[in-house]
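The following report describes how the chains of one structure are built and packed. It should be read with the sequence and the coordinates at hand.

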Amino acid sequence: MTAWISILFSLLASLLISSAVETASGLPNPSPLDWNSSDQSPRRLALEMAAGNAGEGYQIHDGFWSGALAKDAPVHIEVYLFAGNDYRFSAANVDFYSQLRLKIFDAWGFPVGNQYSGDSSCSAAGISVIQSGRYFIQLVMSEGDKADTCMVYSYK
Amino acid sequence: MSWTPCRSTFLFLFAVTPWLGAEQERLTAKQMDDAIFIETVSTPTPSEFFLALGKQSQPNWNHILRPTLPVATSDREQIAMQLGMLVADGFMAIEAQNGQSVKNTTRDILILAKKLNVSQQIVARGQSISDFADTAQWRELREELDAMQNDIRLSLLEQKDSPLVVLASAGSWVRQIEMGSNILASGDKSVSTELLTQPDVASRILARVQNLPQNSQKSPLVQSLLSVLLTASSLMSETKSDLPASSVSKLVSTMAGFSHAVGGTDSKK
C-alpha cells in the first residue's frame with residue numbers, strides 16, 4: 001500500500017514539475033499589444049498581419065476598428081495621416097472562404113496607395129503619405145457571409 | 001507559430017499590386033460624410049505627429065523637451081488634461097531617445113492615473129516602459145506608451161468617465177501643436193506648416209469638448225480649453241496653404257499659455 005502511495009505521489013510530482021516547466025518555456029514573448037497567439041479572433045489575425053511589417057520598421061498602433069462586414073456592403077473608416085510617414089492597414093476575418101479587400105482613398109475620394117494582398121479573408125494596403133490630412137479606408141467583402149472583421153494599422 | 005490562411009496568403013501573395021490600372025472608382029460625398037470616426041483609429045497619435053515632424057526637421061528634441069510638471073489638484077478635469085499632455089511629453093522623450101525622461105514621464109503618468117483610479121490597469125505597462133527605456137528599444141517604447149494611453153482610455157470609459165477621455169485627448173493634442181508650432185516659430189524652415197494645419201482634427205476635438213456635460217464644462221480650465229480650441233480651429237481653417245508666421249506665433253502663445261495653466265512646465269530648461 002505504501003509503495004502504491006509512493007508511486008502515485010512520484011507520478012503526481014513529476015506531472016506537476018513537467019507542467020510547470022512547459023508553462024515557463026511556453027510563455028509568449030511580452031507583447032505591448034497583448035494579443036493571444038491561440039486566439040482565432042479577427043483582431044488576432046489582423047495583428048498577425050501587421051506584425052509581419054515589424055521587420056521593415058513599422059510599429060503597430062494600439063487601436064482598431066471591428067465590426068460585422070456583410071457581402072457587398074462596404075464600410076468606410078476615417079483616418080488622419082501625416083506627410084512623411086508610411087502607413088500599412090491590415091484587415092482580417094475568421095471566415096477563411098470570404099474575400100476581403102482593403103483600399104485607401106484620399107480626402108477627395110480618389111484611390112491611393114498600394115494593395116499588398118490578393119483576395120482572401122485578409123487584406124492589407126499601404127501608403128507613403130505626401131499630403132497630410134483625412135483619408136478613408138474602405139473594407140469590402142466580395143465573397144462570403146456576414147463576418148466579424150477587424151482592421152488595425154501600423155506606421156513608420 | 002501557427003500557420004494560418006492569412007499568414008500564407010500574405011507570404012505567397014505579397015506581390016505589390018499597384019493601384020493604378022484598376023478601375024478608378026471614387027468615393028461619393030455621402031460615403032465620406034458617413035465614414036466611421038473612432039477615436040482610437042481616426043485621431044492621430046502624438047507618436048505619428050512627432051515622427052513626421054522629426055523626419056522633416058530633425059529637431060533637437062532634448063532641447064525642446066519641457067516636461068509637464070503635474071500640479072497638485074483634486075480637479076479631475078485638470079488631472080485628465082495633464083495626463084494627456086504627459087503622454088505627448090512621453091512620445092517626445094522617445095523621439096529625443098532620452099530614456100530617463102521617458103521613465104520620469106511614465107512615473108508622473110502613473111501618479112495622475114492613480115488619482116483617477118485607473119493606475120491598477122497600467123502598472124505592468126509602467127514596468128515594461130522602464131525596461132524598454134533602459135535597453136533603448138524605442139520602437140517598442142512607442143508601442144507600449146501607445147498601449148498605456150489606450151488602457152487609460154478604456155479604464156476611464158469602463159468607470160463611466162468618458163468626459164475625462166475627451167479632455168485627456170484634447171490635452172495631448174494641444175501639447176503636440178504647442179511643440180510643433182514652437183519648432184516652426186524657432187525659425188526652422190524645413191518644417192512644413194502643413195503638418196500643423198489640422199482643421200479637421202481641431203474641429204472634431206472642439207465638437208467633443210463642446211458636447212461635454214454641463215458639470216464638466218463648469219471647470220474654468222475647460223472653458224479655457226474651449227477658447228484655445230476655437231482659436232486653433234479658426235487659425236487652421238483660415239488658410240488652405242501654409243500658415244502665416246503670425247498664425248504660428250499666435251498658436252505658440254495660445255497653446256503655451258494653456259499648457260502652463262493646466263500643468264506647468266519645467267522652466268529650468
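## An antiparallel helix pair in chain B

In chain B, helix H13 (residues 220-237) and helix H14 (residues 245-262) have axes that come within 10 Å and cross at roughly 165°. Because this angle is over 145 degrees, H13(B) is described as roughly antiparallel to H14(B). The structure is a predicted model, and the crossing in which H13(B) passes H14(B) is left-handed.

On the side of H13(B), the contact is formed by Leu221(B), Ser224(B), Leu225(B), Val228(B), Thr231(B), Ala232(B) and Leu235(B). H14(B) contributes Ser247(B), Lys250(B), Leu251(B), Thr254(B), Met255(B), Phe258(B), Ala261(B) and Val262(B). Sorted by character, the residues of the contact of H13(B) with H14(B) comprise ten nonpolar, four polar and one charged.

## A second pair: H6 and H9 of chain B

Another packing arrangement in chain B joins H6(B) to helix H9 (residues 138-158), where the axes lie 10 Å apart and the angle is about 170°. That angle makes H6(B) roughly antiparallel to H9(B). From H6(B), the residues Leu83(B), Val87(B), Gly90(B), Phe91(B) and Ile94(B) meet Trp138(B), Leu141(B), Arg142(B), Leu145(B), Gln149(B) and Ile152(B) of H9(B). The contact of H6(B) with H9(B) divides into eight nonpolar residues, two polar and one charged.

Trp138(B), which belongs to helix H9 of chain B, can be examined in its own right. Is Trp138(B) buried or exposed? With 16 other C-beta atoms within 10 Å, Trp138(B) falls between these two classes and counts as partly exposed. Leaving aside residues up to four places away in sequence, Trp138(B) touches Ile94(B) and Gln97(B). Trp138(B) and Ala96(B) are 42 residues apart along the chain, and their C-alpha atoms are separated by 9.9 Å.

## The largest nonpolar core

In soluble globular proteins, nonpolar side chains tend to be buried together. The largest nonpolar core of this model holds 110 residues, and those touching the most other members are Ala46(A), Phe89(A), Ala91(A), Met151(A), Leu83(B) and Ala170(B). Helix H6 (residues 76-95) of chain B gives the most to this core, supplying twelve residues. Leu83(B) also appears among the residues of H6(B) that meet H9(B).

The surroundings of Ala91(A) can be listed in full, again not counting residues up to four places away in sequence. Ala91(A) touches Ala46(A), Leu100(A), Leu102(A), Cys122(A), Ser123(A), Leu139(A), Thr149(A), Cys150(A) and Met151(A). Ala46(A) and Met151(A), both in this list, are also named among the core residues that touch the most other members.

## Composition of the two chains

Chain A contains two helices and nine strands, and along its sequence these elements follow the pattern α-α-β-β-β-β-β-β-β-β-β. Chain B has 14 helices and one strand. Of the 156 residues of chain A, 45% count as buried, while buried residues make up 46% of the 269 residues in chain B.

Contacts between residues distant in sequence can be stated for each chain. In chain A, 73% of the contacts with a separation of 6 or more are accounted for by residues 24 or more positions apart. In chain B, among contacts between residues at least 6 apart in sequence, 77% join residues at least 24 apart.

## Positive phi angles and a helix residue

Most residues other than glycine have a negative phi, and most peptide bonds are trans. Asp72(A), although not a glycine, has a positive phi of about 60°, and its place is in the loop between strand S1 (59-69) and strand S2 (75-81) of chain A. Asp72(A) counts as exposed because 8 C-beta neighbours lie inside 10 Å. In chain B, Asn117(B) has a positive phi of about 65° and is likewise not a glycine. Asn117(B) sits in the loop between helix H7 (99-115) and helix H8 (123-134) of chain B and is partly exposed, with 13 other C-beta atoms within 10 Å.

Ser162(B) lies in helix H10 (residues 162-185) of chain B. Ser162(B) is partly exposed, having 15 other C-beta atoms within 10 Å. Between Ser162(B) and Lys103(B) there are 27 Å in space, C-alpha to C-alpha, and the two are 59 residues apart in sequence.

Key: Residues are numbered from 1 along each chain as its sequence is written. Chains are lettered from A and ligands numbered from 1 in the order in which they are written. This is a predicted model: local features need pLDDT of at least 70, side-chain atom pairs count only at pLDDT 80 or more; totals for chains, interfaces and linings use all residues. A nonpolar core is a set of buried Ala, Val, Leu, Ile, Met, Phe, Trp, Tyr and Cys residues joined through C-beta atoms within 7 Å. A residue is buried if 20 or more other C-beta atoms lie within 10 Å of its own, exposed if 12 or fewer, and partly exposed in between; C-beta atoms are placed from the backbone. Helices (H or I, at least four residues) and strands (E, at least two) are DSSP runs, numbered from the N terminus. Two residues are in contact if their C-beta atoms, placed from the backbone, lie within 7 Å. Axes are lines fitted to C-alpha atoms, for helices over the stretch in contact, and angles run from 0 to 180 degrees between N-to-C directions. Angles under 35 degrees count as roughly parallel, over 145 as roughly antiparallel, 65 to 115 as roughly perpendicular and the rest as oblique. A crossing is left-handed if the near helix is turned anticlockwise from the far one by less than a right angle, and right-handed if clockwise. Ala, Val, Leu, Ile, Met, Phe, Trp, Tyr, Cys and Pro count as nonpolar, Asp, Glu, Lys and Arg as charged, and the others, Gly among them, as polar.
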